[in-house]
Amino acid sequence: MWWFQQGLSFLPVALVVWSAASFVFSYITAIVLHHVDPLVPYISDTGTIPPERCLFGIMLNVSTFLGMATMYIRYKQVYSLSPEKPKILWLNKLGLTLGWMSCFGLCIIANFQKCILYYIHVLGACLTFGVGTIYMLVQTVLSYLMQPELHSKDIFWARLAVLLWSCSSILSMFVSSVVLYSGLYGQNLVQKLHWDPQERGYIPHIISTVSEWSLAFSFLSFFLTYIRDFQKISLRAVVTLQGQTLHESPRSFGAEEQALLVAGSI
C-alpha cells in the first residue's frame, strides 16, 4: 500500500495537488495566449480572460469542496482525540468555522473575477488568505496544546514554520500593494495585465505578485502537514433499510430495521 493510500491521507494530497494545478494550468493557458506577461503575473490575472477564466473557476470550485472536506475531517479527528478538554474543543470549533469561511472566500475568488467585480474579488481574497491564515494559527496552537501526548513536536514546528511563511508573505504583499496603488505610479493599475520592466511601479508590482504566489503556496503547504495525521483515519458508511420495498412508508428505528451494509471502507 502506497503512503497516500493509507487512511484518508489522499484527501489533503488531492487538495494540494488539485489547487496547485488550477493555478499552474490557468497560468500556462494565459501565457500561451499572451493574455499576461510570463514573469510572475498576479494569480487572479491568469483567471481573468476566457478560456483560462473558465478553467480557473471550475477547478477552484472543486478545491473549495476538497478544502471543506479536509477541514471537517481534521475537526472530527481533534474532537475524537480530546473529548474532555474544553479549551481544545473550543479552538477546534473556531478552527472549523474559520476554515469554512476561508473556503467560501475561495469560492468567491473562483466566481467573481478581478476585472468584473474587483471589490467582491478582494473580499474573497481576504477571506481566503486572511481568515485562512488565522485558521492556520488556530491549528498550530492546537498542535502545541496536543503535544506530546497526541502530537509530535516535529509537526508543531513544521506548522509554525509554514504559518510564519504565510504571515511574511501577507506583510510583503500588503506593503507592496499599498505602495503600488497609492497613486504615485498612475491610475487604474488594477486592470493592468501587461507591464514593461522600464515602467515606474514595476518593482513594487513584482514584489506584490511574488508575495501573492508565495502566500498561495504557503497556504497549500500547510495541508501537507495533515498527511501523517490523516493516515490514521478511516471512513465508514452505515446504510440501513427501513422497509422491504421502496413504496412503503419509513418505519421508526426498531428491531425490524435491517442493515444492508454494515460498513464500507472508503
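The exercises below work through the helices, cores, salt bridges and aromatic pairs of one predicted model.

Residues are numbered from 1 along each chain as its sequence is written, and side-chain values use heavy atoms, with hydrogens and water left out. Because the model is predicted, local features need pLDDT of at least 70 and side-chain atom pairs count only at pLDDT 80 or more, whereas totals for chains, interfaces and linings use all residues.

**Exercise 1. Compare the transmembrane annotation with the helices of the model.**

Solution. Begin with the record: the unreviewed UniProt entry lists residues 12-35, 55-73, 94-112, 118-145, 157-182 and 202-227 under "transmembrane region"; positions are in the numbering used here, feature names are shortened, and annotations may be inferred rather than shown by experiment. Next, look at two of these segments in the model. Residues 12-35 are 88% helix and 0% strand, with end C-alpha atoms 32 Å apart, while residues 202-227 are 92% helix and 0% strand, with end C-alpha atoms 39 Å apart. Helices here are DSSP runs (H or I, at least four residues), as are strands (E, at least two), numbered from the N terminus.

**Exercise 2. Check whether the length of H6 agrees or disagrees with the expected span, and decide how enclosed H6 is.**

Solution. First take the rule, by which the expected span is 1.5 Å times one less than the number of residues. For the 23 residues of H6 this gives 33 Å, and the end C-alpha atoms are 34 Å apart, which agrees. Then turn to burial, where buried means under 20% relative accessible area, exposed over 50% and partly exposed in between (1.4 Å probe, protein chains only). Because 17 of the 23 residues of H6 are buried, this helix is largely enclosed by the rest of the structure.

**Exercise 3. Describe the largest nonpolar core and say which helices supply it.**

Solution. A nonpolar core is a set of buried Ala, Val, Leu, Ile, Met, Phe, Trp, Tyr and Cys residues joined through side-chain atoms within 4.5 Å. The largest such core has 44 residues, and those with the most contacts inside it are Phe23, Leu60, Phe223 and Phe230. At least two core residues come from each of H1 (10-32), H2 (52-81), H3 (86-111), H4 (118-145), H5 (153-180) and H6 (202-224), and the largest share, nine residues, comes from H3. To see one member in detail, take Phe230: leaving aside residues up to four places away in sequence, its contacts (heavy atoms within 4.5 Å) include Gln6, Leu8, Pro12, Ile73 and Arg74.

**Exercise 4. Locate the partners of three salt bridges and classify their burial.**

Solution. The structure holds four salt bridges, each defined as a side-chain nitrogen of Lys or Arg within 4 Å of a carboxyl oxygen of Asp or Glu.

- Asp45 and Lys114 meet at 3.0 Å, N to O. Asp45 lies in the loop between H1 and H2 and Lys114 in the loop between H3 and H4, so this pair ties together parts that are 69 residues apart in sequence. Both Asp45 and Lys114 are buried.
- Asp229 and Arg74 meet at 3.3 Å, N to O. Asp229 sits in helix H7 (residues 227-230) and Arg74 in helix H2, 155 residues apart. Asp229 counts as buried at 10% relative accessibility, and Arg74 counts as buried at 1%.
- Glu199 and Lys192 meet at 3.2 Å, N to O. Glu199 is partly exposed at 30% relative accessibility, and Lys192 is partly exposed with a relative accessible area of 24%.

Finally, salt bridges that share partners join Arg74, Arg159 and Asp229 into one network.

**Exercise 5. Classify the aromatic pairs formed by Tyr75 in helix H2.**

Solution. Rings of Phe, Tyr and Trp (its six-membered ring) pair if their centres lie within 6.5 Å; planes under 30 degrees apart count as stacked, over 60 as edge-to-face and the rest as tilted. Across the whole structure, 17 aromatic pairs are found. The rings of Tyr72 and Tyr75 have centres 6.2 Å apart and planes at 35°, so this pair is tilted. Tyr72 and Tyr75, being three residues apart in H2, are separated by about one helical turn; Tyr72 is partly exposed at 36% relative accessible area, whereas Tyr75 counts as buried at 15%. Tyr75 also pairs with Tyr79, and this pair is stacked, with 6.2 Å from centre to centre and 25° between the planes. Tyr79 is partly exposed, with a relative accessible area of 40%.
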